[in-house]
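Trainee: Please take one part of this model, the charged side-chain pairs, and look at it closely with me. I would like the burial of each partner and its place in the fold explained together.

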Amino acid sequence: MPGGTGAEKEATPEVQALVEQVKEDLIATLGQAFATLEASHFKTQVVAGTNYFVRVHIGDDKYVHLRIYKHFSGSVELHGVRHGEVGGVGAQEELQYFEQNRK
């Protein structure tokens, strides 16, 4: 559905690869590295490319939500992070659209 986000799905190897591509930007944004960065679930939104909203396990019982933009050309950028001030968000917190909060 153009404009809206699709249904939440289990993460795929492609989604994990996107997380790996933005890893350094995530570390720079949050000011710390994490024991693990494992995508668990995602939603997509088709725009002039695709926004991926991804739930990522960062260790212990902590997660962050990432907004990753993949342009039709193949370039990938981290556009946003929801992280509960690095305390993480809950494993069951629903993935939702959120505005770009990183430039």
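Mentor: Glu8 counts as partly exposed because its relative accessibility is 33%, where buried means under 20% relative accessible area, exposed over 50% and partly exposed in between, with a 1.4 Å probe and protein chains only. This is a predicted model, in which local features need pLDDT of at least 70 and side-chain atom pairs count only at pLDDT 80 or more, while totals for chains, interfaces and linings use all residues. Residues are numbered from 1 along each chain as its sequence is written, and side-chain values use heavy atoms, with hydrogens and water left out. On pLDDT, the predictor's confidence in each residue on a scale from 0 to 100, the protein averages 88, and 90% of the residues score at least 70.

The partner of Glu8 is Arg55, and their closest N and O atoms are 3.1 Å apart, which makes this a salt bridge (a side-chain nitrogen of Lys or Arg within 4 Å of a carboxyl oxygen of Asp or Glu). Arg55 sits in strand β3 and Glu8 in the segment before β1, 47 residues apart, so that distant parts of the chain are linked; helices (H or I, at least four residues) and strands (E, at least two) are DSSP runs, numbered from the N terminus. Unlike the partly exposed Glu8, Arg55 is buried, with a relative accessible area of 3%.

The structure holds three salt bridges. In another of them, the closest N and O atoms of Glu14 and Lys70 are 3.6 Å apart, and because Glu14 lies in helix α1 and Lys70 in strand β4, the pair ties together parts that are 56 residues apart in sequence. Both partners are partly exposed, Glu14 with a relative accessible area of 43% and Lys70 with 26%. The third joins the side chains of Glu94 and Lys43 at 3.7 Å, N to O; since Glu94 lies in the segment after β5 and Lys43 in strand β2, parts that are 51 residues apart in sequence are tied together. Here Glu94 is partly exposed at 47% relative accessible area, whereas Lys43 is buried at 11%.

The strands named above belong to an open sheet of five strands in the order β1-β2-β3-β4-β5, with antiparallel pairing, where two strands pair if DSSP finds at least two bridges between them. Its edge strands are β1 (9–10) and β5 (76–82), each of which pairs on one side only. Helix α1, which carries Glu14, lies across β2, β3 (49–59), β4 (62–70) and β5, and runs at about 80 degrees to β3; contact here means heavy atoms within 4.5 Å, while axes are lines fitted to C-alpha atoms, for helices over the stretch in contact, and angles run from 0 to 180 degrees between N-to-C directions. Among the elements of the protein, α1 (residues 13–21) has the highest mean pLDDT, 98, and helix α2 (residues 23–30) the lowest, 93.
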